[in-house]
Amino acid sequence: MSYYRRHVFFCCNQREAPEKCCANAGAVEMQKYAKDRVKALGLRGKGEVRINKAGCLDRCEEGPVIVVYPEAVWYTYVDRDDIDEIVDRHVVNGEIVERLRI
Ligand code: FES
């Protein structure tokens, strides 16, 4: 059994302009938002959910990106509503959010 039921990695990498990067698309703020939301839902910790920062995940042109394990499903997002949907549907309930999948 996995240590975490769901483990989410947010690329928070910063690249030099004009290279596209997740940090310039609000990744650091969104990672914190997701982490706080999971905590508020009481789902943080062993056997539950972990929201981690990551370095470059090498899908910069498709970013900002996150990946959710154990399903290894990749998403992009624009705003907090997208993060809410990924957390509520996938992280909590295991339902893949096709509209945000990359
Ligand atoms: S900067 Fe996010 S995937 Fe490379």
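**A walk through the fold, starting from helix α1**

The buried residues of α1 are Ala27, Met30, Gln31, Tyr33, Ala34 and Val38. Look down the axis of α1 and these buried residues fall within an arc of 160°, so they line one face of the helix. That spacing fits a familiar pattern: an α-helix has 3.6 residues a turn, so residues three or four places apart point the same way. Keep in mind as you go that this is a predicted model.

What about the rest of α1? On the other side of the helix, Lys39 and Ala40 are exposed. The helix has 14 residues and reaches 20 Å from its first C-alpha to its last, close to the 20 Å expected at 1.5 Å a residue. Just after α1 comes Gly42, with a positive phi of about 75°.

Now, which elements do the buried residues of α1 pack against? They pack against β1, β2 and α2. That leads us to the largest nonpolar core, which has 27 residues. Val8, Phe10, Ile51, Ile66, Tyr75, Tyr77 and Ile83 are the ones with the most contacts inside this core. The elements giving two or more residues to the core are β1 (6-11), α1 (27-40), β2, β3 (65-69), β4 (73-76) and α2 (80-91). The largest share, 5 residues, comes from α1. As a general matter, in soluble globular proteins, nonpolar side chains tend to be buried together.

Zoom in on Ile51 and you can see some of this packing up close. Leaving aside its neighbours within four places in sequence, Ile51 is in contact with Val8 and Phe10, and also with Gln31, Ala34, Lys35 and Val38. Of these partners, Gln31, Ala34 and Val38 are among the buried residues of α1.

Next, move along to Asn52, which lies in strand β2 (residues 49-54). Is Asn52 buried or exposed? Its relative accessible area is 18%, and buried means under 20%, so Asn52 counts as buried. Not counting residues up to four places away in sequence, Asn52 touches His7, Val8, Phe9, Phe10 and Gln31.

Finally, follow the chain to β3 and β4. These two strands pair in the antiparallel sense over 4 bridges, and they form a hairpin with 3 residues between them. In the turn, Ala72 has a positive phi of about 55°. Across the pair, Ile66 stands opposite Tyr75 in β4. Both names should ring a bell: Ile66 and Tyr75 are among the residues with the most contacts inside the largest nonpolar core.

Methods. Residues numbered from 1 in each chain as written. Predicted model: local features only at pLDDT ≥ 70, side-chain atom pairs only at ≥ 80, totals over all residues. Heavy atoms only, no water. Buried < 20%, exposed > 50% of the residue type's maximum accessible area, 1.4 Å probe, protein only. Contact = heavy atoms within 4.5 Å. Core = buried A, V, L, I, M, F, W, Y, C linked by side-chain atoms within 4.5 Å. Expected span 1.5 Å × (residues − 1). Arc of directions from axis to C-beta. Pairing = 2+ DSSP bridges.
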